Amino acid sequence: LDGLDCEKAIWVGHDWGCATVWSIASHHPDRCFGVANLCVPYRTLELGIDVLISLVNRSVYPLDEFPAGQWEYQMFYRENFARAQEVFDNNPYNAVRALFRKWGPNEAGLPALTAHVRRDNGWFGGMTAAPDTERDDDVVSEADLRIYASALERNSFFGPCSYYMNHERNAEYAKSAQSDGVLEMPVLFLNGIYDHVCQCSVGDLGKPMRESCHNLTEYDIRCGHWMAQEKPREVNSALANWIAKDIGSAWPLPPFS
């Protein structure tokens, strides 16, 4: 923001980007007109793995079978980092093509695929590389798929996988949030109804956010985890409506009359 000569911004994140945006909001509220996040609610991921596990819906993930619930895959990264990275790096194109796909109502109430990664010794049933699967055109185009794959072939999956090794530092950083983490600014949360990993329609995962955000707007979108790719019109419509209603003076300029 300083480099752009701006005092404040509207911040938008998805997945691990949510953890970053939530942390900006809680540590630097004076630099935020408002924040909007897709799929991952506040006071969860940015607080570390122990908080995530404490919010697991045990009616779907029995403790004896899934100690970390849907977050079992994160524990696999932490316990087998080299193996986790290697499987993706062996074929980045196939990995992205396999993972970027929509989910639907048929998977509701069932353990997510992420819950089996630790037991299976990695993604894709424990294979040494991602399989050749059909691309889900509703989520990723061939052109975008090749852009993702090219970047990951160039840079490897070391960076993305490293997010999962940083939980303790994130938890420690969260302790220095202003106002005990309570957000007074306008907050938008877009919930993917069919995002069965970050499920906020049922269970406790969204509860801390609802308690800590005093100006919260929530929208449900009928999509899986890759919300922005699968439902771009709905996401942009929700963002524009929220901005116009709650922070119209911030953007676009000139202000709405």
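Where in the chain does serine 179 lie? In this predicted model, serine 179 belongs to the loop between H8 and S3. Its backbone deserves a second look, as serine 179 has a positive phi of about 55° although it is not a glycine. For context, most residues other than glycine have a negative phi. Arginine 43 also departs from that pattern, with a positive phi of about 65° although it is not a glycine. This arginine is placed in the loop between S2 and helix H2 (49-54).

Arginine 43 turns up again in the description of enclosed space. A search of the whole structure finds 1 cavity of 30 Å³ or more, and about 40 Å³ of space lies in the largest cavity. Its lining consists of Ser23, Ser26, His27, Tyr42, Arg43, Glu46, Leu47, Tyr173, Ala174 and Ala177. Two elements, H1 and helix H8 (167-174), give two or more residues each to this lining. The greatest contribution comes from H1, with 3 residues. Sorted by class, the residues around the largest cavity are 5 nonpolar, 3 polar and 2 charged.

The open spaces come next. For the largest pocket, the computed volume is about 1,300 Å³. This pocket is lined by 47 residues, of which Leu99, Phe100, Trp123, His225 and Trp226 are the closest to its centre. Several helices take part: helix H1 (16-27), helix H3 (72-79), helix H5 (92-99), helix H6 (142-155) and helix H7 (158-162) each supply at least two lining residues. Among the contributors to this lining, H5 has the largest share, with 4 residues. In terms of chemistry, the lining of the largest pocket has 30 nonpolar, 11 polar and 6 charged residues.

The second largest pocket holds about 270 Å³ of space. Of its 20 lining residues, Asn57, Val60, His196, Gln199 and Val202 are the closest to the centre. Here the lining divides into 11 nonpolar, 7 polar and 2 charged residues.

Phe100, one of the residues closest to the centre of the largest pocket, also takes part in an aromatic contact. Over the whole structure, the search finds 15 aromatic pairs. One of them joins phenylalanine 100 and tyrosine 148 in a tilted arrangement, with 5.1 Å centre to centre and 45° between the planes. Phenylalanine 100 sits in the loop between H5 and H6, while tyrosine 148 is part of helix H6, so the pair ties together parts that are 48 residues apart in sequence.

Turning to the strands, the model contains an open sheet of 4 strands in the order S1-S2-S3-S4, with parallel pairing. Strand S1 (9-14) and strand S4 (216-221) occupy the edges, and each has a single partner strand, so one side of each is left without a neighbour in the sheet. On average, and with direction ignored, neighbouring strands of this sheet are turned by 15° against each other. Within the sheet, S1 and strand S2 (residues 32-38) pair in the parallel sense over 6 bridges. Valine 12 stands opposite alanine 36, a residue of S2.

Helices pack on this sheet as well. Helix H11 (residues 232-246) touches S1, S2, S3 and S4, and its direction makes about 160° with that of S4. H1 lies across S1, S2 and strand S3 (187-192) and runs at about 155° to S2. H1 thus links several parts of this account: alongside its place on the sheet, this helix supplies at least two residues of the lining of the largest pocket and gives the most to the lining of the largest cavity.

Notes. Residues numbered from 1 in each chain as written. Predicted model: local features only at pLDDT ≥ 70, side-chain atom pairs only at ≥ 80, totals over all residues. Heavy atoms only, no water. 1 Å grid on protein atoms, 1.4 Å probe; cavity = no way out; pocket = protein on both sides within 12 Å on 5 of 7 lines; lining within 4 Å. Points joined across faces, edges and corners; volume = space filled by probe spheres on them. Nonpolar A, V, L, I, M, F, W, Y, C, P; charged D, E, K, R; others polar. Pairing = 2+ DSSP bridges. Axes fitted to C-alpha atoms, helices over the stretch in contact; angles between N-to-C directions. Contact = heavy atoms within 4.5 Å. Phe/Tyr/Trp six-rings, centres within 6.5 Å; stacked < 30°, edge-to-face > 60°.
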